[in-house]
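Biologist: Let us go through the labels on this structure and ask what earns each one. Short answers, please.

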Amino acid sequence: MSDKAYVPPKVWTWDAANGGQFASINRPIAGATHDKVLPRGKHGFQLYSLATPNGQKVSIMFEELLAAGHAAEYDAWLINISKGDQFGSGFVEVNPNSKIPALLDLTGPEPLRLFESGSMLVHLADKFGAFLPASGPARTEVMNWLFWQMGSAPFVGGGFGHFFAYAPEKFEYPINRYAMETKRQLDVLDRRLAEVPFIAGEDYSIADMAIWPWYGSMVLGRSYANSAEFLDVGIYKNLKRWADAIDARPAVKRGRIVNRNWGDEAEQVPERHSAADFGGKVV
């Protein structure tokens, strides 16, 4: 089958058996498929997530807040997207978009739902006065890079990652197109990090927490099979320096494995309800 052979129909219809590793979790309609109440733990924050890059952002933020001495204890519940947990009625009530992560803040007079990882990072940063300046140019710069990540990463995950690693067939056109865009984005970050130690400037911030799980993971060789070699990530020296520095942070080591249920068992913490759940799995 050639990528030049497809002729779009006049009206698209859903082919549920279109193949690919994640075909079973994608559909053209929203809403719940089954009734399922979300669990709740004893802490003021209830995180429902999976250790994908988007999920890692928020668990890293919680672990960084705790490491900095803030009262940010949380329960993290595994949402197994391959089993359709994100389409349960309880999850959809918190996130009508049926994507991880989802968060309930129970610390106020009424439960507050949060969906979209960027919204969660800003909410937590403002709530605790941490990792985001309160006002002025420094805050704006953090927000610039936070929203850069929100707009850019879909080209990496849904574009490059999908066609390079997950699509049932390899097609030259989409792989080339998204590889080019991914390398352009890596170059944007590399040039920025030639000027400053952290993404938004002199200080570590939620911009770093948002960007590292996507782009740090790539230059550390953890994303999309052998994509590090394919994308020649070794040329991004400044980005690699930054990725290594973030990777070495103890809170990041913990946060990146929360709600992880695959791979090396030493890097799996499917649920997190206290620091004791990490055991000896991180250093």
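Modeller: One caution before we start: this is a predicted model. Begin with Ser 98, which lies in the loop between α2 and β3.

Biologist: What makes Ser 98 stand out?

Modeller: Its phi. Ser 98 has a positive phi of about 55°, although Ser 98 is not a glycine.

Biologist: Why is the peptide bond from Ile 100 to Pro 101 called cis?

Modeller: Its omega is near 0°. Pro 101 also lies in the loop between α2 (89-94) and β3 (102-105).

Biologist: On to the helices. How do you know that α4 reaches close to its expected span?

Modeller: α4 has 31 residues. The expected span is 1.5 Å times one less than that number, which gives 45 Å for α4. From first C-alpha to last, α4 reaches 42 Å.

Biologist: Where does α4 bend, and by how much?

Modeller: At Ser 152, by about 35°. A proline, Pro 154, follows within four residues.

Biologist: Why are α4 and α6 called roughly parallel?

Modeller: Helix α4 (residues 136-166) and helix α6 (residues 206-219) pack at about 25°. Angles under 35 degrees count as roughly parallel, so α4 and α6 qualify. Their axes are 9 Å apart, and the crossing is left-handed.

Biologist: Which residues of α4 and α6 meet?

Modeller: From α4, the list includes Trp 145, Trp 148, Ser 152, Gly 157 and Phe 160. From α6, it includes Ile 206, Ala 210, Trp 214 and Met 218. Ser 152, where α4 bends, is thus one of the contact residues.

Biologist: How many residues of the contact of α4 with α6 are nonpolar, polar and charged?

Modeller: The split is 14 nonpolar, three polar and no charged. Gly counts as polar in this scheme.

Biologist: What makes α6 roughly perpendicular to α8?

Modeller: α6 and helix α8 (residues 237-247) pack at about 115°, with axes 9 Å apart. The class runs from 65 to 115 degrees, so α6 is roughly perpendicular to α8. α6 passes α8 in a left-handed crossing. Among the residues in contact are Asp 208, Ile 211 and Trp 212 of α6, with Lys 240, Trp 242 and Asp 247 of α8. By class, the contact has seven nonpolar, one polar and three charged residues.

Biologist: Why are α5 and α8 also given that label, roughly perpendicular?

Modeller: Helix α5 (residues 172-193) and α8 pack at about 80°, with axes 7 Å apart. That value falls in the 65 to 115 range, so α5 and α8 are roughly perpendicular to each other.

Biologist: Which residues of α5 meet α8?

Modeller: Leu 186, Leu 189, Asp 190 and Leu 193. They meet Lys 237, Asn 238, Leu 239, Arg 241 and Trp 242 in α8. This contact has five nonpolar, one polar and three charged residues.

How values were computed: Residues are numbered from 1 along each chain as its sequence is written. This is a predicted model: local features need pLDDT of at least 70, side-chain atom pairs count only at pLDDT 80 or more; totals for chains, interfaces and linings use all residues. Side-chain values use heavy atoms; hydrogens and water are left out. Axes are lines fitted to C-alpha atoms, for helices over the stretch in contact, and angles run from 0 to 180 degrees between N-to-C directions. Helices (H or I, at least four residues) and strands (E, at least two) are DSSP runs, numbered from the N terminus. Angles under 35 degrees count as roughly parallel, over 145 as roughly antiparallel, 65 to 115 as roughly perpendicular and the rest as oblique. A crossing is left-handed if the near helix is turned anticlockwise from the far one by less than a right angle, and right-handed if clockwise. Contact means heavy atoms within 4.5 Å. The bend at a residue is the angle between axes fitted to the seven residues ending there and the seven starting there.
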